[in-house]
Every structure is written in structure tokens, then in C-alpha cells.
Amino acid sequence: SDGPNSGYGASSKVQDITQRKGLMTYKQFILALEDDVSPAEAESRYHEYKTAYITTQKHAYFDLHKGDTRLKEKYHPTSLLSVIERRNEFCKAAAKSLILDLRSGTLDLGPGMTADGSSKSGNVNYGSSGNGEDYGNKRRKNGRGPPKEPGPLSTAPKAHPVSSKYRRVQADIDQTLALVRKLDTEKGIVGNILSIGGDHGKPDDDRSHVGSAGPLVIIRGLTTVKGLEGVELLDTLLTYLWRVHGVDYYGMSERRNANGFRHVRADNKIADGFNISAADWEKKLDSFWHERLVNGDDPLVVLTAKDKIDAATVEALAPYVKKIMDENYGYKYGCGAMGCAKVFHAPEFVHKHLKLKHPDLVSVLTLNVQDDIY
Ligand SMILES: [Zn+2]
């Protein structure tokens, strides 16, 4: 028994007036009621009417607004750019905070997204993005209540035990260093001491000590100087990739809103859980990240470029979709290609048909689209 059409005599009349003139005053409402309605009932009906009216208005507004922002988020180039910018700003802040912890000797190398929410909160300004998605919020929330028991190391997913082998650790240091450099560059993070210090190619850098087996990264704090190498360097790089770039290196994934735990190197004792050989796992890991390093682009940029192309393609094809009013079926959509009389129920089907049956026409149109975008 709620809503404007719930059986009261005046309801339909009330609704008509509402739609035309907006919310009635109590006086107007009473005039529209039957004569034998008691004052108490009139008052309660007015309350019900008002509530229903406001709810309807809210829904109408929400529907309108929702469609608006959704389309805007999806297709508007400025909006897409700001999504990328917000993401980049978040990554920069996360990198800054992590390096600060590293220099002060307080960096926790645990597999979580935030090592210790209590000591970190307030340290980082995640930017004041009150709109759309907020990368900061998600991670902040995550850090608030980290599960203390059982320890994150036992709950975190495990990499293949071969990951603990000395040879593999050295290979992973090189690969994660390359990833840090590439992903930092994509997001505009400059001067990362982790990747500058560990550069293989420079003969005059800090790690070219005789006898050093792998990269050595020198971390200068306010009062301390520390050399990172081997497993400790690798874990620092893995932590950086996870918390700054959403890269779960051993898990072979790169996520936009990463949370939870990254994969950690497994104890040699639990080798049994894997149904894949060490060689196959290494091959999979290396080819996954090699592909990202050599041919890969920032997934968010790829995604937005694809969205842009899709939206622009729809726009380019629009003139070839003829909207036709059909007496029996409502609107239908005809193919607008020269000499074609095909008719469909929705524009998407015309698009599909155009691509399938008039590829020459479409390729010219989409070529223009690509030119416009790049
Ligand atoms: Zn056609």
C-alpha cells in the first residue's frame, strides 16, 4: 500500500496534477480529495503523496544523471584522460611514500597492499578526487584492518618453489627492475632510486663492485647508507611493483585496483601443490613479462583508446543507420549503404551488418576514426 496508485480515490487525479504542475501544496491536495475524507486521513494521505512524489522525482533525476555520467566516463576524451591522470597521481604518491619508508628503514616487505595502515595513515596525500573512482580510498580502506593472524605470509598465494632458487632470484631481479623502469615511465614517475641505482648498463654506478653477483642498490637515508641486493632487493622490487603499480609479479597479473596479497616465493617444502613443472612455470612467467616489457602498453591507456575507437566508430557509422518508424514494430533500423534494403531491430545489428557486408565502406570510415584519434 505505497505509491500513488494504491487504491485511494484521489490517487490517479493526484498523479495527473503532479506530473503537470509539480508538488501540490496541502491546500491544493485537499481540494482534489473526496468530500468525506477526515482531516486526519487527509493529512496522512498528503504525507504519502508527498513521499511518493519525491521518490519519483529522485528516481527520474537519478536515471537521467546516471546515464549522463556513465556515458561521459566511457566516451568523453577529457574524462578518460582524467581517469588516467588520477591513476598516475595515485601511483606517484604511493611511490613517494614507499621510497620514503625505504630510506627511513621502515619499509615492510609483506605481501599486502599496505604494510601497516596505522603507521602510514596520514603520510600520503592521495589527492582530493571526490569524483569517480578513487584509487586512494580503496587502498586506504585496505590498510585499515590488515589481518594480523594468521600472518600474511602464510595466507598469501605462493609462487612455484623454483622461484626461491638462486639463479631464478637473479633473473627475477633483472626482470622486475626492467618492469619498474617501464611502468614508472608510463606513469610519469621519475628519479626512482630503486631503478637508477640498479642500472646494469651504467659502468659508473654503485653496484660495479668487484665480486658482486647481481645488482646492488644503494639506499641513502638521513643517517644511514644501506646496500640492497639478492633476495632483499628482489622483495623490495616486488613490493614496489605491487603497491605502486598493482603488479603481482609471480601471479602474472597487472591490475588497476589491486588489493589483497601478491604471490610470494614458496618454501621448497611445499613443492607438491603445483601441477606444472618448474621449467614450464618459468617459461610462463618469463614470456608473460617479456611480452609486457617488449610489446605491452599501459592497460588503462589501451582500454581508453579502445573505448575511444569504439565510440568514434559508432559515431562514424551513424549516418549509415536509417531509423525507420514501423506501424507494427515501433522503430526499425535500416542499412544506409547504397542500394541495400536490409532492416534490423537495433542499431548494433546494422553496425554488425555493415562490417560484414560492406567492409570497404566501413574500413574507410574507421580509418578516418583512427586518424582522428591518433
Ligand atoms: Zn547493407
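Start by selecting Val 244 in this predicted model. Skip its neighbours within four places in sequence, and you'll find Val 244 in contact with Cys 91, Ala 94, Ala 95 and Leu 98.

Now widen the view. Val 244 and Leu 98 are both among the residues with the most contacts inside the largest nonpolar core, which has 37 residues. Add Val 180, Leu 237, Tyr 240 and Leu 241 to your selection, since they are on that list too. In soluble globular proteins, nonpolar side chains tend to be buried together.

Which elements each supply at least two residues of this core? Colour α4 (77–103), α8 (166–187), β1 (217–220), α10 (230–245) and α11 (278–294) to see them. The largest share, eight residues, comes from α10.

Next stop: α8. This helix has 22 residues, and at 1.5 Å a residue they should span 32 Å; the end C-alpha atoms are 31 Å apart, which agrees. Pick out some of the buried residues in α8, including Ile 173, Thr 176, Leu 177, Val 180 and Leu 183. Charged names turn up on the buried list as well: Arg 168, Asp 172, Asp 184 and Lys 187. Just after α8, click on Gly 188, whose phi is positive, near 75°.

Then jump to another core, which lies apart from the largest one. This one has seven residues, among them Leu 317, Cys 335, Val 350 and Leu 354.

Last, select residues 335–358, which an unreviewed UniProt entry annotates as "domain: C2H2-type". Over this stretch the chain is 46% helix and 12% strand, and the end C-alpha atoms are 10 Å apart.

Note on methods. Residues are numbered from 1 along each chain as its sequence is written. This is a predicted model: local features need pLDDT of at least 70, side-chain atom pairs count only at pLDDT 80 or more; totals for chains, interfaces and linings use all residues. UniProt positions are given in the numbering used here, feature names are shortened, and annotations may be inferred rather than shown by experiment. Helices (H or I, at least four residues) and strands (E, at least two) are DSSP runs, numbered from the N terminus. A nonpolar core is a set of buried Ala, Val, Leu, Ile, Met, Phe, Trp, Tyr and Cys residues joined through C-beta atoms within 7 Å. A residue is buried if 20 or more other C-beta atoms lie within 10 Å of its own, exposed if 12 or fewer, and partly exposed in between; C-beta atoms are placed from the backbone. Two residues are in contact if their C-beta atoms, placed from the backbone, lie within 7 Å. The expected span of a helix is 1.5 Å times one less than its number of residues.
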